[in-house]
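Me: Please give me a close look at one part of this model, the pairing of charged side chains. Then set it against what surrounds it.

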Amino acid sequence: MKLFKSKKVYYLYNPNTLDYERVYPSAKDRFFTVLRHLSTGIAFGIATFFVMMYVIDSPMESQLRKENKLLQTQYEVLDLRLNNAMEILDDIQQRDENLYRAIFQAESIPESVRKSGFGGTNRYQQLMEASNSELVVSTTQKMDMLRKQLYIQSNSLEELIEMGKNQEERMKCIPAIQPISNKDLKQTASGYGMRIDPVYRTPHFHSGMDFSAKTGTDIYATGNGKVTYAAWKQGYGNCVIIDHGYGFQTLYGHMSKFKVRVGQKVTRGQVIGLVGNTGKSTGPHLHYEVIVRGRYDNPAKYYYMDLTPEEYDRMIQIAENHGQVMD
């Protein structure tokens, strides 16, 4: 016997009658047929649902995806522009530090201040949950740094502008001549730096310049200012200190006589005292120091109104060749 199936209607061949007789499926067969069809439909429906959910975007999802892509592109462009702005600002900072502030002899702004970051708690924690969080946080950090550095640079330029407005008065105050008449440079005794102590015969740092001269030789103020000290000072003997403002002070030691008093205003070239041999000294001379913002500086750098470039070079050579000081 052979079973023949055609469009859900079943026939069975009867060899006795030589004919196909219709066979009606049992209830069990019909149940499993319905169940099979139902399972197939459910599986197809689930598959279609997941395809619609994760493969094919809805119109709203498609729009959101486009907006997110556009936003990411805008962040990338902004990040690139911030990098360019940071490079330009860095160039301005270098000029400000090494050119403009040097011209005005303004105090340097430390790199730690110019490039300082932000302390405290994480400022960008709320951005970490955003899509493309690394790009968003990086761009925001650069924006904050740029804003802070621009603020510092703006203040620096305002400071330099004020210095420029007061430049004429400032130039009158900055030490710019030799403290005694020394056009031929013969009075140059010893310079700034490591020298041999004349008493203890050991190397020590000489914080100024020595000018040999006869007792009673005039000593001149090297810039406009106000006398803040005129008395005996340990090691220096009779000593005068002038505050020139703008961070500059000058010291004159081993005097034989004062020509000024504390609180008196003086001008460049004014006689403030006479050369002597007081204090720790091995002979009549003037010990002269330039102090800039509390630190000793080489006085030879401040004779530009008194010496030509050739004379300046010669003075440096003379000062360097003298290994022993007079105080």
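Reply: Lys 301 is partly exposed, because its relative accessible area is 45% and the partly exposed range runs from 20% to 50%. This is a predicted model. Lys 301 makes a salt bridge with Asp 297, with 3.1 Å between the closest N and O atoms. Asp 297 has a relative accessible area of 17%, so it counts as buried. The pair therefore joins a partly exposed lysine to a buried aspartate.

Elsewhere, salt bridges with shared partners connect Asp 96, Glu 97 and Arg 114 in one network. In total, the structure has six salt bridges. Side chains of opposite charge can pair when their charged atoms come close.

Lys 142 and Asp 79 are another pair, again with 3.1 Å between the closest N and O atoms. Helix H4 carries Lys 142 and helix H2 (residues 59-103) carries Asp 79, so this bridge ties parts 63 residues apart in sequence. Lys 142 is partly exposed because its relative accessible area is 22%. Asp 79 comes out at 14%, so it is buried.

Back to the network. Glu 97 and Arg 114 form a salt bridge at 3.2 Å, N to O. Glu 97 sits in helix H2 and Arg 114 in helix H3 (residues 111-114), 17 residues apart. Both residues are buried.

What else touches Arg 114? Ser 156 is one of its contacts. Ser 156 belongs to helix H4 (residues 133-165). It has a relative accessible area of 1%, so it is buried. Beyond its neighbours within four places in sequence, Ser 156 also contacts Asp 96, Arg 101 and Ile 109. Two members of the network, Asp 96 and Arg 114, are thus among its contacts.

Asp 297 has a second role to note: it lines the largest pocket. The pocket has a volume of about 240 Å³. Its lining also includes Gln 105, Ala 106, Glu 107 and Ser 108. Phe 248, Val 292, Arg 293, Arg 295 and Tyr 302 complete the lining. By class, four of the lining residues are nonpolar, two polar and four charged.

Phe 248 leads on to Ile 242, which touches it. Ile 242 is among the residues with the most contacts inside the largest nonpolar core, along with Ile 219, Val 240, Tyr 252, Ile 272 and Tyr 303. That core has 29 residues. Strands S7 (209-212), S10 (237-245), S11 (248-258), S13 (271-275) and S14 (285-292), with helix H6 (309-321), each give two or more residues to the core. S14 supplies the largest share, four residues. In soluble globular proteins, nonpolar side chains tend to be buried together.

The contacts of Ile 242 reach well along the chain. Leaving out residues up to four places away, they include Ala 221, Gly 225, Lys 226, Val 227 and Thr 228. Gln 249, Thr 250, Tyr 252, Val 266 and Ile 272 are also touched.

Now the whole chain. Its secondary structure comprises six helices and 15 strands. Of its 327 residues, 32% are buried. Among contacts between residues at least 6 apart in sequence, 64% join residues at least 24 apart. The bridge from Lys 142 to Asp 79 spans 63 residues, so its two ends lie beyond that 24-residue mark.

Key: Residues numbered from 1 in each chain as written. Predicted model: local features only at pLDDT ≥ 70, side-chain atom pairs only at ≥ 80, totals over all residues. Heavy atoms only, no water. Core = buried A, V, L, I, M, F, W, Y, C linked by side-chain atoms within 4.5 Å. Buried < 20%, exposed > 50% of the residue type's maximum accessible area, 1.4 Å probe, protein only. Contact = heavy atoms within 4.5 Å. 1 Å grid on protein atoms, 1.4 Å probe; cavity = no way out; pocket = protein on both sides within 12 Å on 5 of 7 lines; lining within 4 Å. Points joined across faces, edges and corners; volume = space filled by probe spheres on them. Nonpolar A, V, L, I, M, F, W, Y, C, P; charged D, E, K, R; others polar. Salt bridge = Lys/Arg side-chain N within 4 Å of Asp/Glu carboxyl O.
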